[in-house]
Amino acid sequence: MTDPVTLALNADELIRSALREDISTEDVSTNAVMREYREGSVQLICKQDGVICGLGVFARTFEILDKNTAIKFYAKDGDKVRKSQVIADITGDIRVLLQGERTALNFLQRMSGIATYTSQVAELLKGSGTKLLDTRKTTPNMRVFEKYAVRCGGGYNHRYNLSDGVLLKDNHIGAAGGVAAAVKAAKEYSSFVRKIEVEVETLEQCREAVEAGADIIMLDNMSPEDMKKAVAMIGGRALTECSGNVTKENIKLIISTGVDYVSSGALTHSAPILDLSLKNLRPTEER
């Protein structure tokens, strides 16, 4: 689970890395026009409708550069925002405002884009009893931010990483010699407090997984017709999850199958950014 505390514990190192990527030795452009400290302010403005997410990461980017940077927010993570809405006023050393601009916006736009897309997909599942999950198809070194954004958009987190739970996919099953053998090995190795999830691609594999005692059965790339048959076959003896090329365009076909969860890599790997901008930078005495 990715919550604000987890995010805070992991954010600084990743933000510093992103800042180092953008400022290897100096910001030549800023140093050329601003040789010494001068206080200024700038506005964070939304350029399209969406769900805002990542405001704490945005703020922390500037605070790492200068702890005296002051930000007044007019929205919070998870809020719906509108085009032309002023989201925040940022005040501080003009050099810091310029140096941190792109990195701060990169985080905020990416996280807000994921929250916005997740919100759109979650809306399609309302009233169905099926919960929306993300996957591990995240940008390297951005997982903690992207999974938090999914939660802000109304989705739920699947396992965070490979240490988080047992998920036996096709290659695990192939390595073990079959579904039953894979589940048996997992039960022997894993702690009893951990559930065992098995990915199946056919009704026969689904039957094997049920009989082997899997706790969760992932129906991967099955047709809606076969998913209905699989859910009926499982009969409540395991939780069910649908996966495989799930997007907001085809998710309605899945609702009628009766699965408990639907996981979508598209939430993190295909969500477009939410367009945001820092505008109207001025020395404070000119405002």
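Two strands count as a pair if DSSP finds at least two bridges between them. Keep that rule in mind as we walk through this structure, which is a predicted model. Strand β1 (residues 39-46) and strand β12 pass the test, since 6 bridges join them, and they run antiparallel. To see one of these bridges, find Leu44, whose partner in β12 is Leu278.

Leu44 has a partner in another strand as well: in β5, it is bridged to Ala88. Altogether 7 bridges join β1 to β5, and these strands too run antiparallel. From β5 we can step across to β3, because at least two bridges make a pair and 4 bridges link β3 to β5, again antiparallel. Here Ala88 turns up once more, as the β5 bridge partner of Phe73.

Now put the pieces together. The 4 strands form an open sheet in the order β3-β5-β1-β12, with antiparallel pairing. Which strands lie at the edges? They are β3 (70-73) and β12 (276-283), each of which pairs on one side only. Ignoring direction, neighbouring strands of this sheet are turned by 20 degrees against each other on average. As general background, strands of a sheet pair through backbone hydrogen bonds, either parallel or antiparallel.

Next, look at the helices that touch this sheet. Helix α3 lies across β1, β3, β5 (86-93) and β12, and it runs at about 160 degrees to β3. Helix α4 packs on the sheet too, touching β1, β5 and β12, and its direction makes about 165 degrees with that of β12.

These helices also meet each other. Two packed helices are described by the angle between their axes and the distance between the axes. For α3 (residues 55-65) and α4 (residues 94-125), the axes come within 8 Å and cross at roughly 160 degrees. Angles over 145 degrees count as roughly antiparallel, which is why α3 is described as roughly antiparallel to α4. The crossing of α3 past α4 is right-handed. On the α3 side, the residues in contact include Leu55, Phe58 and Phe62, while those on the α4 side include Leu97, Ala104 and Phe107. Sorted by class, the contact of α3 with α4 has 12 nonpolar, 4 polar and 1 charged residues.

Phe107 is a good place to pause. The structure holds 3 aromatic pairs. In one of them, the rings of Phe107 and Phe145 have their centres 5.0 Å apart and their planes at 55 degrees, so the pair is tilted. Phe107 lies in α4 and Phe145 in helix α5 (residues 143-152), so the pair ties together parts that are 38 residues apart in sequence.

How are α4 and α5 arranged around that pair? They pack at an angle of about 40 degrees, with their axes 7 Å apart, and are therefore oblique to each other. Their crossing is right-handed. Among the contact residues are Phe107, Met111 and Ile114 of α4, and Phe145, Tyr148 and Ala149 of α5. This contact of α4 with α5 has 9 nonpolar, 1 polar and 2 charged residues.

There is another sheet to visit. Here 6 strands form an open sheet in the order β6-β11-β10-β9-β8-β7, and the pairing is parallel. Its edge strands are β6 (131-133) and β7 (166-168), each pairing on one side only. Neighbouring strands of this sheet are turned by 25 degrees against each other on average, direction ignored. Inside the sheet, 2 bridges join β10 (residues 239-243) to β11 (residues 261-263), which run parallel. For Glu241, the bridge partner in β11 is Tyr261. Helix α4 packs on this sheet, touching β6 and β11, and its direction makes about 150 degrees with that of β6. Helix α9 (residues 224-234) lies across β9 (216-220) and β10, running at about 165 degrees to β9.

One more helix pair rounds off the tour. The axes of α7 (residues 179-189) and α8 (residues 203-212) come within 9 Å and cross at roughly 30 degrees. That makes α7 roughly parallel to α8. Like the other helix crossings described here, this one has a handedness: α7 passes α8 in a right-handed crossing. Val179, Ala180, Val183 and Lys187 in α7 meet Gln205, Glu208, Ala209 and Ala212 in α8. Those residues divide into 5 nonpolar, 1 polar and 2 charged.

Note on methods: Residues numbered from 1 in each chain as written. Predicted model: local features only at pLDDT ≥ 70, side-chain atom pairs only at ≥ 80, totals over all residues. Heavy atoms only, no water. Axes fitted to C-alpha atoms, helices over the stretch in contact; angles between N-to-C directions. Parallel < 35°, antiparallel > 145°, perpendicular 65-115°, else oblique. Left-handed = near helix turned anticlockwise from the far one by under 90°. Contact = heavy atoms within 4.5 Å. Nonpolar A, V, L, I, M, F, W, Y, C, P; charged D, E, K, R; others polar. Phe/Tyr/Trp six-rings, centres within 6.5 Å; stacked < 30°, edge-to-face > 60°.
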